[in-house]
Amino acid sequence: MFDRTAPALPARPGVGFKPQHYEALMADPGPVAWLEVHAENYMGAGGRPLAQLQALAARFPVSVHGVGLSIGGEGPLEHAHLDRLRGLVDHLPAARFSEHLAWSSHGGAFLNDLLPLPYTARTLARVCAHVDQVQQALGRQMLLENPSSYLAFTESEMPETAFLGEVVQRTGCGLLLDVNNVFVSAVNLGFEPRAYIDALPLGAVGELHLGGHDSDSDDQGRPLLIDSHGAPVADPVWALLDHVLSLTGPKPLLIEWDTDVPDWPELRAEAARAALALEAVR
Amino acid sequence: MSEGTLLSALRDPEGVLPSGLHDGRGGPATRRFAVYRNNIAVSLREAIVTGFPTLLALLGPRNMAQLARAFVQGHPPTSPVLLTYGTELPAFLDGFAPLATLPYLADAARLDLALRRAYHAADADPIPPEALGLLSQTDLGRAVLILAPAVQVLRSNWPLHDIWRLAHQDGPPPGAQAQDLLITRAHFDPACHALSPGAAAFLQACLEGRSAAEALEQARTEAPAFDLSALLALLLAQRALCTLEIPQ
């Protein structure tokens with residue numbers, strides 16, 4: 001059903017591309033073997049962003065990561081946005097397309113954040129219908145990313161892992177397993193991160209994400225971690241990654257750093273650490 | 001819980017926490033809810049602040065943050081493509097009482113939008129500079145000058161080019177003359193040029209699909225001394241002229 005001829009992502013380190021790194025990255029990618037870009041930043045008609053992306057795609061496999069489809073939303077997916085995504089992933093062509101288990105638009109307004117949804121039979125049916133629609137529109141399998149959570153819904157009927165497992169089984173989509181998101185959610189909601197990992201259909205994992213988080217505290221003074229993508233990957237997240245890799249074997253492994261973006265050598269060093277973690281399970 | 005219920009509480013800084021949310025252990029989720037509320041507000045404000053660099057330079061970070069806060073409250077993006085976010089800001093500024101003493105800010109915002117549009121505009125190959133010289137006077141008059149997609153004309157009642165230079169390059173204090181602006185993108189970086197009298201009328205006529213002769217007539221109506229060759233030289237140097245369409 002899906003086109004499998006597009007270039008594959010290697011089971012090596014990748015980074016989220018930032019335009020300020022363009023020249024340094026091209027001159028010295030180090031262990032970086034693939035790149036991820038946020039789809040919505042490349043939806044202009046031309047100019048430098050698309051020219052840079054074209055040059056990057058000629059050299060590296062590129063994974064396109066959407067942040068605006070609102071797959072978890074109540075409303076229908078925006079057709080115009082699906083068309084723009086199709087144009088981008090076909091044009092490159094993208095090695096992968098991924099999106100989030102979250103919602104970000106309502107009633108014609110876009111909120112620019114990944115907002116949470118309750119896990120019920122009703123929301124499951126909705127998310128599956130949306131994932132089906134994306135895969136049909138793009139003519140390829142998509143990966144769905146687990147969210148970072150700060151709160152939970154009383155009305156939820158199943159754990160997030162069961163919800164994701166059902167979506168994978170019903171739609172044939174893959175998983176983008178964000179290991180930092182698992183850790184952030186586990187601390188925030190008080191669950192055991194390894195048990196969460198073990199409950200996922202790990203055979204469906206097509207890509208792994210790592211990123212940095214910030215620490216705050218909640219009303220009771222308990223730790224509240226914020227998924228900021230603005231810091232180095234935390235040590236317990238590296239440890240959790242080792243657990244994931246011991247179960248999955250080597251996978252395409254991305255470092256995300258989106259705010260307070262460091263100079264290229266620091267990001268490249270994070271990618272080098274990711275390369276070591278992958279080597280350990282080869 | 002419906003999205004609508006969540007959303008009203010997320011977008012209202014004083015909003016009450018909806019029931020049915022907890023911290024994963026059955027406890028209150030107030031601070032946790034605030035994370036989402038803060039993410040939305042901060043990211044949209046940030047999109048406005050970075051999307052309007054001239055306004056930011058003129059107002060300074062604190063005032064710009066206030067303006068962004070006021071704007072995003074009533075104007076959330078209508079598309080996930082934030083490259084186009086903020087098109088209503090000039091009109092919003094026209095009616096924004098706290099900044100009413102700085103009436104040129106709306107045009108500064110229009111200029112920022114035009115430069116951003118130019119940055120993301122479609123690529124286009126310019127005509128070779130000698131192509132114009134090869135045309136007979138008659139053909140040049142009949143030709144429709146097709147400008148690159150990045151090219152825009154901005155007519156202002158303010159010395160907008162001076163204001164832009166002052167904001168970004170420490171130029172001299174703005175003069176008293178109103179200035180028309182031309183936005184071009186020779187390669188990847190947009191540029192902004194002050195136009196001499198008549199030039200904006202000429203270019204607007206070109207953008208409307210009128211012939212060079214008609215455009216020249218409009219320019220000379222506004223400014224009898226309008227110098228076409230100087231404008232053509234600027235367009236060629238800026239790679240702003242894409243096609244000469246000569247009707248058969």
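**Figure 1. Where a strand of chain A meets a strand of chain B.** In this predicted model, Phe153(A) sits opposite Leu21(B), a residue of strand E1 of chain B. Phe153(A) isn't on its own here: strand E8 of chain A, residues 152–153, is joined to E1(B) by two bridges. The two strands run antiparallel.

**Figure 2. The side of chain B that touches chain A.** Let's step back from that strand pair and take in the rest of the contact region. Here 39 residues of chain B are in contact with 38 residues of chain A. Which elements of chain B each supply at least two residues of that side? They are helix H1 (3–11), strand E1 (21–22), helix H2 (30–51) and helix H6 (105–120). H2(B) gives the largest share, with eleven residues. Sorted by character, the residues on this side of chain B come out as 22 nonpolar, eleven polar and six charged.

**Figure 3. A hairpin within chain A.** Now for a strand pair that stays inside one chain. Strand E11 (residues 214–217) and strand E12 (residues 223–226) of chain A run antiparallel and are held together by four bridges. Asp216(A) is the residue opposite Leu224(A) of E12(A). Between the strands of this hairpin there are five residues, and Gly221(A) has a positive phi near 80°.

**Figure 4. Pro197(B) in its loop.** This proline belongs to the loop that links strand E5 (190–195) to helix H10 (199–207) in chain B. Why does Pro197(B) count as partly exposed? Because it has 15 C-beta neighbours inside 10 Å, and that number falls between the cut-offs of 12 or fewer for exposed and 20 or more for buried. If you skip the neighbours within four places in sequence, Pro197(B) is in contact with Glu222(B), Ala223(B) and Phe226(B). As for Leu89(B), its C-alpha is 28 Å from that of Pro197(B), and the two are 108 residues apart in sequence.

**Figure 5. An annotated stretch of chain B.** An unreviewed UniProt entry labels residues 6–93 of chain B "domain: Putative DNA-binding". In the model, that span is 61% helix and 2% strand. Its end C-alpha atoms lie 30 Å apart.

**Figure 6. How confident is the prediction?** Chain B has a mean pLDDT of 95, with 100% of its residues at 70 or more. The scores for the model are ipTM 0.94 and pTM 0.95.

Conventions. Residues numbered from 1 in each chain as written. Chains lettered and ligands numbered in written order. Predicted model: local features only at pLDDT ≥ 70, side-chain atom pairs only at ≥ 80, totals over all residues. Contact = placed C-beta atoms within 7 Å. Nonpolar A, V, L, I, M, F, W, Y, C, P; charged D, E, K, R; others polar. Pairing = 2+ DSSP bridges. pLDDT = per-residue confidence, 0-100. UniProt positions renumbered as here; feature names shortened; annotations may be inferred.
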